[in-house]
Amino acid sequence: MAVTKTHGPDAVQAAWDAGVQDVGENRVQEALPKMDAISVPVRWHLIGHLQRNKVKSLAKFDLFHALDSSRLADAVNDFGLGANTAVKSLVQINVVGEESKGGYAPHDVPREAERLRSLAGIHVTGVMTMAPLDADEATLRATFSGARRAREVLCAAGHSATELSMGMSSDYEVAIEEGATYIRLGTILFGARPA
């Protein structure tokens, strides 16, 4: 998918013109004006952290990639129940335990997988992870294979978890080798982010 963070609506249009139909945004407040500014029917993905008070914005997105805590899951579930449609979501896994990143620890996934099965307002379709920015290949592979194992746990718990959102401009090739179904590309498509 094309990640248009800090780029304008023209980047979304350029992605569409190049055949990319999936667009990712990190923040709701940046995504909504772009949605209003373009007319092409891209599939919108929210790939960044979501504050619970902005959960209602998920109605505008096709897939939420950052279901990163039980508290957020409860808020998303409440929204989905109220909207009478389950929110398609990926469970964010913090495979290597980076303190600067959100997400479930791998050892929490079995318990959370069972709990998420009871939340009818969420439809878990897979896993998202991010590798450390300066990771070597061994760390990248460990991170991405850890996400794959977490997806297997979700599937064993009865979720239709087919997606693996992992890999960015600096590590997408390894992510593809490790089974990514979504890669999140920004810099490699649009250049450095505007200051």
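**View 1. Strand β5 is a mostly covered strand.** Of the six residues in β5, five are buried. Keep in mind as you look around that this is a predicted model. The strand spans residues 87-92, and it has a partner in β4 as well as one in β6, as the next two views show.

**View 2. Here β5 sits alongside β6.** The two strands run parallel, with six bridges joining residues 87-92 of β5 to residues 122-128 of β6. To pick out one of these pairings, start at Lys88 and look across to β6: its bridge partner there is His123.

**View 3. Now for β5 and its other partner, β4.** Strand β4 covers residues 63-67, and two bridges join it to β5. Once again the strands run parallel. Find Leu67 and you can hop over to Val91, its bridge partner in β5.

**View 4. Step back and you get the whole open sheet.** Seven strands line up in the order β1-β2-β3-β4-β5-β6-β7, and the pairing is parallel. At the edges are β1 (2-3) and β7 (163-165), each of which pairs on one side only.

**View 5. Helices α4 and α5 pack against each other.** Here we leave the strands for α4 (residues 109-117) and α5 (residues 137-156), whose axes are 9 Å apart. They pack at an angle of about 40 degrees, so the two helices count as oblique to each other. The crossing of α4 past α5 is right-handed.

**View 6. A closer look shows which residues of α4 and α5 meet.** From α4 come Val109, Pro110 and Ala113, while α5 brings Ala150, Val153 and Leu154. By class, this contact has six nonpolar residues, with no polar and no charged ones.

Key: Residues numbered from 1 in each chain as written. Predicted model: local features only at pLDDT ≥ 70, side-chain atom pairs only at ≥ 80, totals over all residues. Heavy atoms only, no water. Pairing = 2+ DSSP bridges. Helix = DSSP H or I, 4+ residues; strand = E, 2+ residues; numbered from the N terminus. Axes fitted to C-alpha atoms, helices over the stretch in contact; angles between N-to-C directions. Parallel < 35°, antiparallel > 145°, perpendicular 65-115°, else oblique. Left-handed = near helix turned anticlockwise from the far one by under 90°. Contact = heavy atoms within 4.5 Å. Nonpolar A, V, L, I, M, F, W, Y, C, P; charged D, E, K, R; others polar. Buried < 20%, exposed > 50% of the residue type's maximum accessible area, 1.4 Å probe, protein only.
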